[in-house]
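Got the viewer open? Let's take a short walk through this one, stop by stop.

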Amino acid sequence: MATTYEIKDGTGLVTMNGPLTAGQVDAFRAEFNEWQKSSETVRNVVLDCHGIDFMDSSGLGALIALLKRITERGGDLKLARLPKKVRMVFEITRAYKIFQICDTVEEALQACK
Amino acid sequence: MKAVLQTGGTPAWARDLGFETWALAPIAGRPLIEYWLELCDLLRITDVRLVLSDGAQAVETYAQDGARWGLKISYSFLDPDEDPDLFLQRSPELWTGGLFYLRAPLFPRRLNEQPLEKLNLVGTHLHREGGRTACLASSDAAFLSSFIAGGELALGAQDFNELGFLPEPVNSLHDYFELNLRMVRGECSRYVSPGYFFKDGASIGFNVVIPPAARLQPPLVIGNNTRLSALSQVGPDVVIGDRCIVDQQSELANCVILDGTYIGRNLEIRDKIVVGRRLIDPTDGTVADIEDPWLLSTVPGTMRPADIIRAAVGWVLALLLAILQVVPFLLLAALQKITGRWRLVRGEFHATRQRKTALLTCPQKGQLPLCARVFRGLSLDLFPAVLRVLTGRFWLCGQEPLRVDFDDALRRELKEYFPAAFTYATPRAEASDTLIKRVDALYYAHHRSPAEDTRILVRALSGRFAGLFRGAPEDLAS
């Protein structure tokens with residue numbers, strides 16, 4: 001899974017590409033923690049999920065853990081551009097009730113301000 | 001009048017649902033082809049030709065010889081690439097006497113609120129889809145000759161409204177979903193057999209487990225052998241097929257769950273079709289295959305584990321019983337044969353898996369009084385039926401075997417049929433009438449389990465054995 005990290009207007013923008021399944025979650029979690037340590041001023045994070053072609057319950061669990069970690073530090077996590085298939089998984093697992101999901105990255109960044 | 005129903009062709013929506021042919025895609029829990037077969041019966045057509053192509057074996061396994069619907073079904077095969085209309089040209093003389101023809105995946109939507117009565121088909125009725133005839137009913141030989149020869153003359157043809165139904169196309173997953181929901185929202189009542197109701201907006205199949213903590217909100221349709229778990233919520237507007245499991249705290253609304261689907265714990269299924277581990281959004285046809293078996297998965301096999309146990313234990317017990325019975329049976333039979341009072345009656349019964357079996361029964365009347373008492377007391381009269389258990393034609397314990405011709409109507413009515421050597425009727429001295437047979441059969445279909453089988457077997461054997469010392473019932477005495 002290829003992930004890029006950048007900061008826009010003080011908000012972290014994480015762009016994810018590829019599947020987010022049991023095989024990738026450990027590496028993603030470690031990579032994200034590293035980035036978070038190096039960007040201590042960033043509290044709010046937007047995940048651009050457009051490139052995620054598949055997600056299973058492990059991937060969903062990783063996102064929930066991420067949300068918990070960010071909110072514990074007083075920030076907020078927003079998801080943007082969820083692909084239809086991933087959105088369907090969010091719907092049946094009721095994950096859409098936990099996350100704030102935006103249609104575009106701009107909308108998500110705006111919501112973080 | 002004959003009917004020709006083309007079942008070939010697999011539209012994309014049927015493929016997405018995992019069917020090789022549209023004919024077996026369930027609408028409100030019943031395969032689509034079944035609605036057409038019932039309609040043939042209403043139109044007084046008994047001679048039905050199913051033209052198979054994709055999924056041929058599955059259709060043939062399902063429809064069998066058509067006896068379930070009172071029809072005589074025969075089969076023909078067509079190459080999937082061949083034009084379906086060319087089939088009629090193979091032997092046009094067969095169809096010119098009157099033809100009911102279905103060419104495309106359509107649903108016969110009944111227009112009347114009440115179930116249809118038997119109809120008389122006169123004149124020509126035609127329904128076209130995409131510029132071609134998709135459904136046709138005609139008794140006009142000249143028109144049929146022209147149609148079969150490739151002409152599309154429709155002069156004077158009426159639509160099907162006159163007959164009280166309208167062929168409705170199923171072209172997409174959205175059509176399929178909407179059709180199911182429309183059925184569950186009330187149109188189901190138009191298709192029920194006489195004597196059944198869809199009064200409370202709910203249809204629940206046989207052997208469905210619903211714990212007290214589960215919440216049902218009609219309208220809904222639940223198929224046979226489905227299990228709901230505690231705190232699950234089902235409805236409104238839900239169709240659940242056969243052999244499904246809905247795990248704890250899951251909520252289902254406005255959705256269609258097809259046969260053999262497991263819905264994991266604490267899920268919310270709304271506005272979706274679920275087939276095994278496949279999740280479908282019918283609005284745009286998006287298909288997502290879920291890899292996690294604890295979210296969605298397939299319930300394997302058509303037989304419940306309890307039924308497998310029943311079959312295995314029943315077979316072993318039948319073998320033991322047959323070994324114990326064979327010597328006394330032959331001795332008593334020989335004794336009565338010598339005295340000239342022995343006779344066997346041959347009857348034909350409906351057996352398991354849509355088969356029929358000939359069974360010899362030993363009538364009590366006419367036997368030597370003492371022999372009759374011993375025969376009944378030791379259940380030796382059931383020895384031929386016990387042998388049928390060993391050949392797989394009967395179960396050891398279950399429903400009273402139904403006689404061919406005499407009990408055909410009840411056989412058609414029973415979705416779950418377990419003909420058996422030992423039944424609720426076994427300890428009774430008098431023969432069951434149709435009502436008692438129906439009540440027993442429905443009760444057993446709901447309550448069957450290894451424990452229930454044990455109860456039937458113990459009651460039958462002990463009750464009859466006790467009768468050996470009490471004296472034979474009067475009606476058994478010669």
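Here is what to select, beginning with how to read the model.

This is a predicted model, where local features need pLDDT of at least 70, side-chain atom pairs count only at pLDDT 80 or more, and totals for chains, interfaces and linings use all residues. Residues are numbered from 1 along each chain as its sequence is written, chains are lettered from A and ligands numbered from 1 in the order in which they are written, and side-chain values use heavy atoms, with hydrogens and water left out.

**Stop 1: where the chains meet.** Show chain A and chain B together: 13 residues from chain A and 23 residues from chain B are in contact (heavy atoms within 4.5 Å). Between them the chains bury about 1,400 Å², with 55% of it on carbon and sulfur atoms; buried area is the accessible area (1.4 Å probe) that two parts lose on being put together, summed over both. Now pick Met88(A), Ile92(A) and Arg94(A), which supply 47% of the area chain A buries against chain B, more than any other three residues.

**Stop 2: a charged pair.** Select Lys84(A) and Asp284(B), whose side chains form a salt bridge at 2.8 Å, N to O (a side-chain nitrogen of Lys or Arg within 4 Å of a carboxyl oxygen of Asp or Glu). Between chain A and chain B the count is 6 salt bridges. Next, colour helix α3 (residues 84-92) of chain A: with 6 residues, α3 gives the most to the side of chain A that touches chain B. Helices here are DSSP runs (H or I, at least four residues), numbered from the N terminus.

Methods: Helices (H or I, at least four residues) and strands (E, at least two) are DSSP runs, numbered from the N terminus.
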